[in-house]
Amino acid sequence: EGNVPLTAALDGHQCAFGKWFYGQGRKNLEMEVPGLGTIFSTLDQKHIALHKSAASIDESMKKRDAKAARALFETTTLPLLTEVRSLLGEALTLARDSQSSIIFRLNEQLKKITGIAISTSVLFLFAGLFVAVMLVRGICNPLGRLTTAARRVADGDFMPVDITSRD
């Protein structure tokens with residue numbers, strides 16, 4: 001068995017996951033999905049223990065004790081990896097369920113907003129039609145009476161025409 005240097009991050013806060021987990025990313029996700037707090041608390045312990053096991057393996061390797069390193073890997077690191085993977089799976093499932101719930105609520109809100117927008121549009125359409133009809137009546141009725149009066153004048157009837165308008 002050769003002496004292969006360990007390339008794993010020995011500090012759980014410095015690995016790629018640790019930088020996210022102990023930073024703002026985790027805080028943001030926990031605010032979005034409050035149920036993750038319990039899972040993340042357990043994951044925190046397992047994650048740090050996993051890195052400590054890697055440090056122990058590294059020490060065994062530096063002492064050229066490959067047997068001890070393998071034993072540590074099989075008895076400590078591998079079970080921790082399994083637990084961390086399981087916890088991450090639970091977190092992912094919870095986050096996806098929460099995401100589905102958020103999407104459902106957003107779709108319901110969108111339906112309400114769409115209904116309000118359509119109702120408002122129809123209301124404004126009818127209001128606009130009403131105003132247009134009233135304007136057309138206000139303009140066309142006097143013009144119709146004027147046209148009738150003009151025909152009577154053309155036919156020789158010079159009776160006064162009763163058309164009142166402010167314009």
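This passage walks through how the helices of a predicted model pack together and where some of their residues sit. Residues are numbered from 1 along each chain as its sequence is written, and side-chain values use heavy atoms, with hydrogens and water left out. Because the model is predicted, local features need pLDDT of at least 70 and side-chain atom pairs count only at pLDDT 80 or more, while totals for chains, interfaces and linings use all residues.

Two helices make a good starting point. Helix α3 covers residues 36-62 and helix α4 covers residues 66-154; helices here are DSSP runs of H or I with at least four residues, strands are runs of E with at least two, and both are numbered from the N terminus. The two pack at an angle of about 160°, with their axes 9 Å apart. That angle makes α3 roughly antiparallel to α4. For orientation, axes are lines fitted to C-alpha atoms, for helices over the stretch in contact, and angles run from 0 to 180 degrees between N-to-C directions. Angles under 35 degrees count as roughly parallel, over 145 as roughly antiparallel, 65 to 115 as roughly perpendicular and the rest as oblique. In the contact of α3 with α4 there are 20 nonpolar, seven polar and three charged residues. In this scheme Ala, Val, Leu, Ile, Met, Phe, Trp, Tyr, Cys and Pro are nonpolar, Asp, Glu, Lys and Arg are charged, and the others, Gly among them, are polar.

The largest nonpolar core has eleven residues in all: Phe-21, Val-33, Leu-36, Ile-39, Phe-40, Leu-43, Leu-50, Leu-80, Val-84, Leu-87 and Ala-91. Such a core is a set of buried Ala, Val, Leu, Ile, Met, Phe, Trp, Tyr and Cys residues joined through side-chain atoms within 4.5 Å. Buried means under 20% relative accessible area, exposed means over 50%, and partly exposed lies in between (1.4 Å probe, protein chains only). At least two residues of this core come from each of α3 and α4, and the largest share, five residues, belongs to α3. In soluble globular proteins, nonpolar side chains tend to be buried together. One core member, Leu-50, touches Thr-77, Leu-80, Leu-81 and Val-84, not counting residues up to four places away in sequence; contact means heavy atoms within 4.5 Å.

Helix α2 (residues 24-32) also packs against α3, at an angle of about 150° and with the axes 9 Å apart. Here Arg-26, Leu-29 and Glu-30 of α2 meet Leu-36, Gly-37, Phe-40, Ser-41 and Asp-44 of α3. This contact divides into three nonpolar, two polar and three charged residues. Arg-26 is buried, with a relative accessible area of 14%. Leaving aside residues up to four places away in sequence, Arg-26 touches Trp-20, Phe-21, Phe-40, Ser-41 and Asp-44.

Along α4, the surroundings of individual residues can be followed one by one. Ser-98 lies in this helix and is buried, with a relative accessible area of 17%. Its contacts, not counting residues up to four places away in sequence, are Glu-32 and Val-33. Ser-86, also placed in α4, is partly exposed at 41% relative accessible area. Ile-116 of α4 is exposed, at 55%. The C-alpha atoms of Ile-116 and Gly-89 are separated by 40 Å, with their positions 27 residues apart along the chain.

Finally, the loop between α3 and α4 holds Arg-64, a residue with a positive phi of about 60° although it is not a glycine. Most residues other than glycine have a negative phi, and most peptide bonds are trans. Arg-64 is exposed, with a relative accessible area of 67%.
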